[in-house]
Each structure stands twice: as structure tokens, then as C-alpha cells.
Amino acid sequence: MATGFVWHERYMWHNTGRASGPFLSDASGWLEPDWRHAENSDTKRRFRNLLDVSGLLDQLVSIEPRPATVEELRRFHTAEYVEQIRALSAGAGGEGIDGSTVIGKGSYEVALLAAGGVMAAVDAVLDGTVDTAYALVRPPGHHALPDAAMGFCLFGNIAVAAHHARQARGLSRVAIVDWDVHHGNGTQAAFYADPSVLTISLHQDNCFPPNSGTVEENGEGPGQGYNVNVPLPPGSGDGAYAAAFERIVVPALEQFGPELIIVASGLDASAMDPLGRMMLSPSGFGRLAKIMVDAADRLCGGRLVLAHEGGYSAELVPFCGLAIVEALSGIETEVRDTVLQAFPAGMGQQELQPHQEALIDRVVQLVPAIA
Ligand SMILES: [Zn+2]
């Protein structure tokens, strides 16, 4: 089982500068300004470095990212928006629409390489160069809108890659499963009226963006029923996520019959993330990845691409990422029983709780195909 890995040092050079964590400024005047921006290079670099020291990186197939072209971006973004980001990046930089998103000097070229990296992973899987792939790209993409940067995201890496799979590679049906703790609103917007791309987002109920990702948002027109939101209660852990995958995600995928599955792999539903209130452990993430591997094997010849999104715990992201890549590759490293693997898995209420099950029941009832 060959697993591809997309990485480029330049992903680390998207400079988000100083901020009040996720917020570019705290205008109240009560907080010491200019701490580090939450979306910085640390968690991703440390994820890649744990793969390295564990020996797993040497057993993966390196996939070289390429820059996305403007024409490829325009399958999702407006020409005006792409030019706006290019110009800001070439000048003094700028901000997105939400007081959180930074376009730094040179960020445009890095963002092109992120979108192109996910497309390179898709191509490698479709060409059979590898069976599965993990694209550890930055900046993230699932909040980006056709004409606006949002939630640390400049270009919709996965939306652009799904369009690429459909339009350049001729696939008829692509499924996107988003386990980032925040709602994948940009990906949802990209395919809201499109029945050829099934979008499923599991996220913390009404976390970010505000008032986004309800159960009732289920697509429109011909896309009705092809967008599924699973807004889990805060505190959901390994048991809740596994139940949601077994009862919602897998049946929806079976009903849809994808030719390729892309996972929006945010690691901010971990038990130690500063921007989420969920409890997934590294082994919990590994279990979700295995469920996706098995579903892809049964439904689409194993064709599975994971593209990195959020994840802000510099301590836990590396272990969650390692568990995921172990599940993808089928290779178990000797990194075992560390405190950071064991501690989150041992927390109380990791099992499915009744109020979490009630939400899952509600989603199942509203998705006719899987009820
Ligand atoms: Zn996120």
C-alpha cells in the first residue's frame, strides 16, 4: 500500500505575523497586543518532523507540489479575487473579511502551491502512482469563499482539487468529508447546487464561522441532499465521531458512490486544541482515517486523498497526524504509549454520550438516503 506525501518548505513561509491568537487585533485596549497568530507554521512543521523521526516519512512516496494556475483557481474563485490576493501579496499585504485572515508578502505564491499540492495528490492517486495520499499543505482552504479570504484560508484548496478531478480528470462523482472542527463553509458553497460533489462536514456546533453549518443546510436545486452537516455538541470525543462516521458518513458515501474521496483533514478537533472544544485523541483520529480507508477500498478502488486544514495544538497535532498517516499507510511505527497519545484517550466521556447520539439521530432522519 503506497502512501504519497505532499510537503514543501515554502508552505512554512506563509507569514501570518503577530495577532491576538486567532484575532488580528483586540480593539478593547485591555489585552497586551501582538501575540503570535494562531495559524503559524509550528503545528504543521512538527507534524512533518514527527513523521521524520518516527521513520514513517522514509516509507512514504514524496509527491512534488506544483503551483495552481489562475485558470484552475477560477473554477471556484472569481478572477477579481485572485488578482486582489496577488496584488496584496506583492505589496504590503492585507486582511481577509473576518478580522482573522492574513495575506502576507509572498502569500499568493505559497497559496498557489497549496492548491496545486492537493491537485498533485489527486493526480498521483488517480494515476495509480500511489494508493492514498496526505497533502500537508498551508495555508488551509475550507473557509475560503469564491470572492473572499476567510478563516485563515486564501484559496479553497480542496474545492479547486475537486473541480480538477471533475473537469480535468473526468470523474463523475467526488465526495468530500471534512473533519476539521470548524464548518467547511467554503467547500459547502462551492458545491451547494452541484449533485456531482457530495460534501459532508462534521464540526463543533456553531463555532466558526458563526451561524454556519446547521443540519438544515443540505444543498439547493439539483444539489439538494448532497450537502450534509453534522454539528456535534462541544465535548464530542472518539466515540461520538466514530458513531457519526459509522451512522452518517459511511452510509452517505455508500449511497452516493464516489469515484474519489477527499478528506479535509483539520486536526483542531483534538482534545488540546485552543480553537475548538472537542476531545478527539490521536487514536480517535487514527480510527476515523481507517474508516475512510476501508470505505474508499469498498467504494472507489481505495482512491483517497487527505488534505490538511486547521490544527493549532503544537503538542497534539503531530501525534494525531502520525496516527492518521499510520492508518493510511498500514505502517505502525514504534511511537507508542507516549503521554500525549495516552492522556487524551483516557479522558472522561470519550464514549458516545446520549445528547451526542440525539444529534446523530436527527441528522440521520434529515438525510433521507441514509435513514
Ligand atoms: Zn478549523
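## A walk from the zinc site to the core

Start by selecting His182, which is buried at a relative accessible area of 7%. Before going on, keep in mind that this is a predicted model.

**Stop 1: the zinc ion.** With His182 on screen, show the zinc ion as a sphere and add Asp180 and Asp268. These three residues supply the protein donors: Asp180 gives two OD atoms, His182 its ND1 and Asp268 an OD, all 2.0 to 2.7 Å from the metal. Turn on angle labels if your viewer has them. The angles among the four donor atoms run from 54 to 156 degrees, and the site is classed as irregular. A tetrahedral label would need all angles to lie between 85 and 135 degrees. For reference, the ideal tetrahedral angle is 109.5 degrees. Along the chain, the donors of the zinc ion follow the spacing D-x1-H-x85-D. Asp180 has 0% relative accessibility, so Asp180 counts as buried too.

**Stop 2: the nonpolar core.** Now select Tyr134, Val177, Trp179, Phe245, Ile261 and Met292. These are the residues with the most contacts inside the largest nonpolar core, a set of 113 residues. Next, colour helix 4 (residues 107-127): this helix brings 15 residues, the largest share of that core.

**Stop 3: Tyr134 and its neighbours.** Zoom in on Tyr134 and show what surrounds it. Leaving aside residues up to four places away in sequence, Tyr134 touches a long list, including Gly4, Phe5 and Val6, plus Phe47, Leu267, His308 and Leu328. What is the relative accessibility of Tyr134? It is 0%, so Tyr134 counts as buried.

**Stop 4: aromatic pairs.** The whole structure holds seven aromatic pairs. For one of them, keep Tyr134 and add Phe47: the ring centres are 5.4 Å apart and the planes sit at 80 degrees, so this is an edge-to-face pair. The two come from distant parts of the chain, with Phe47 in helix 1 (residues 42-54) and Tyr134 in strand 7 (residues 132-135), 87 residues apart. Phe47 also counts as buried, at 0% relative accessibility.

Then jump to Tyr108 and Phe155. Their ring centres are 6.1 Å apart with planes at 80 degrees, so this pair is edge-to-face as well. Tyr108 belongs to helix 4 and Phe155 to the loop between strand 7 and helix 5 (157-168), so the pair ties together parts 47 residues apart in sequence. Tyr108 is buried at 7%, and Phe155 is buried at 1%. Add Tyr81 to the selection, and you have one aromatic cluster of Tyr81, Tyr108 and Phe155.

**Stop 5: Leu126.** Stay with helix 4 and pick Leu126, which is found there. Buried or exposed? At 14% relative accessibility, Leu126 counts as buried. Not counting residues up to four places away, Leu126 touches Arg169, Leu171 and Arg303. Try a distance label from Leu126 to His142: they are 16 residues apart along the chain, and their C-alpha atoms are separated by 22 Å.

**Stop 6: strand 1.** Finish with strand 1 (residues 3-6) in cartoon view. Both of its faces are covered: Thr3 and Phe5 on one side, Gly4 and Val6 on the other, all buried. Where does Gly4 find its bridge partners? In strand 7, look at Ala133; in strand 4, look at Val61. Strand 1 runs parallel to strand 7 over four bridges and parallel to strand 4 (residues 61-63) over three bridges.

Note on methods. Residues numbered from 1 in each chain as written. Predicted model: local features only at pLDDT ≥ 70, side-chain atom pairs only at ≥ 80, totals over all residues. Heavy atoms only, no water. Donors = N, O, S within 2.8 Å, 3.2 Å for Na, K, Ca; no water. Tetrahedral: all angles 85-135°; square planar, octahedral: opposite > 155°, others 65-115°. Buried < 20%, exposed > 50% of the residue type's maximum accessible area, 1.4 Å probe, protein only. Core = buried A, V, L, I, M, F, W, Y, C linked by side-chain atoms within 4.5 Å. Contact = heavy atoms within 4.5 Å. Phe/Tyr/Trp six-rings, centres within 6.5 Å; stacked < 30°, edge-to-face > 60°. Pairing = 2+ DSSP bridges.
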